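Student: I have just opened this structure for the first time. Could you walk me through a few of its features?

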Amino acid sequence: MSRLYNFNAGPAMLPTPVLEEIQAELLDWQGKGLSFMEIGHRSQYFQDFREQCDLDCRELLGIGKQYKILFLHGGASSQFAAIPLNLLGNSATAAYLDSGHWSLKAIAEAERYCQVKIVASGADANYTEMPSPSSWQIEPSAAYLHYTPNETIGGLFIKDLPQTDLPLVADMSSCIMSEPLDVNQFSLIYAGVQKNLGPAGLAVVIIHEDLLDKAHPKTPTTLNYTLQAAADSGVNTPPTLAWYVTGKVIAWIKQSGGLSVFADLNQRKAKLLYDFIDQDDFYQNSIKPDFRSVMNIPFTLRNSDLEKSFLEKAKAAGLLGLKGHRSVGGMRASLYNAMPLAGVEALVAFMDEFKKRS
Ligand SMILES: *Cc1c(COP(=O)(O)O)cnc(C)c1O
């Protein structure tokens with residue numbers, strides 16, 4: 001058996017030691033005679049796990065007591081609806097930054113509940129960069145400002161934190177725990193865990209207490225952050241397995257040295273690939289250097305007729321998941337925490353060989 005390098009954007013590569021641990025304890029979890037999957041979510045066993053996972057998150061991200069950490073069903077997309085439902089309060093307006101595919105999904109969902117004021121848009125630049133913050137129009141009556149720091153499909157990353165007095169809300173699905181973060185600058189951070197933290201179906205929501213107690217009365221119970229916070233994310237049966245695997249990945253991040261170790265490794269991986277792409281125009285990445293994502297690197301071939309052969313040969317070489325998103329085509333390499341440097345080295349060596357032979 002050999003594990004290949006999986007560059008999928010999500011569900012994405014998981015750390016092998018985590019999968020091995022899960023395999024070893026699948027039938028008999030910690031000598032309890034049953035699998036973790038079969039344990040009641042209200043049992044002491046689960047509560048102990050949940051508390052440890054909460055502590056690990058707090059330690060890694062430096063999250064203070066004034067924040068609740070929720071683990072909820074329905075991935076990041078359910079939060080697109082939950083955020084306006086929970087945060088609008090008496091306001092009829094929310095401010096959104098348009099940075100591409102995922103921010104547009106969040107905007108479309110929010111428009112079902114309120115008026116969305118676009119702060120700024122990267123559309124005119126085809127999302128290869130964002131307008132300078134000095135040109136942003138932030139509606140002061142908005143309930144919050146939402147942005148997507150890392151656009152997983154476009155490969156655009158917004159380094160500078162939006163400057164605003166509004167509660168700042170960030171979709172960090174594809175960048176959470178990829179580098180240290182000052183959580184205190186945000187009112188709410190959310191992420192679907194299947195990019196950098198675990199398997200699909202679960203979202204983590206880090207919410208400041210000040211944002212609780214504002215939910216619209218018609219908010220579905222499972223999407224109500226106030227009720228979920230009071231119930232330790234258990235208003236109904238949570239996705240216990242996805243949560244458990246996520247807990248293990250978070251513990252692995254901690255044991256591996258924490259977020260600054262991964263920030264450094266992730267920078268090295270991304271630099272290796274970008275430097276290679278930039279050598280000549282056989283491969284291309286159109287994102288302006290200041291906005292290039294460290295996690296998701298889309299690229300095209302000068303001769304797009306070669307794409308099919310590129311993907312087939314990459315797969316034969318043990319490099320999986322390199323096809324770009326169906327909305328943009330081309331290729332994309334996602335380099336989350338679980339992707340080792342050796343995987344990126346293998347990718348670059350393959351790309352170099354492919355270039356020479358084409
Ligand atoms: C993948 C992704 C989503 C959607 O996540 P789901 O869990 O599939 O709903 C939302 N935002 C970003 C930035 C993503 O990368």
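**A first look around**

Tutor: Asp-54 is a good start: this residue sits in helix α2, residues 44-61, where a helix is a DSSP run of H or I with at least four residues, numbered from the N terminus. This is a predicted model, in which local features need pLDDT of at least 70, side-chain atom pairs count only at pLDDT 80 or more, and totals for chains, interfaces and linings use all residues. Residues are numbered from 1 along each chain as its sequence is written, and side-chain values use heavy atoms, leaving out hydrogens and water.

Student: Is Asp-54 buried or exposed?

Tutor: Buried means under 20% relative accessible area, exposed over 50%, and partly exposed in between, with a 1.4 Å probe and protein chains only. The relative accessibility of Asp-54 is 18%, so Asp-54 counts as buried.

Student: Which side chain is joined to that of Asp-54 by a polar contact of 2.7 Å?

Tutor: A polar contact is a pair of N or O atoms within 3.5 Å; within protein, one must be able to donate a hydrogen and the other to accept it, and residues adjacent in sequence count only if both atoms are side-chain atoms. At 2.7 Å, the partner of Asp-54 is Arg-58.

Student: How many disulfides are there?

Tutor: A disulfide is a pair of cysteine sulfur atoms within 2.5 Å. For Cys-57, the nearest cysteine sulfur belongs to Cys-53 and is 4.6 Å away, so Cys-57 is in no disulfide. By this rule, the count is zero.

Student: Why does Cys-57 count as buried?

Tutor: The cut-off for buried is under 20%. Cys-57 is buried because its relative accessible area is 3%.

Technical notes
Helices (H or I, at least four residues) and strands (E, at least two) are DSSP runs, numbered from the N terminus.
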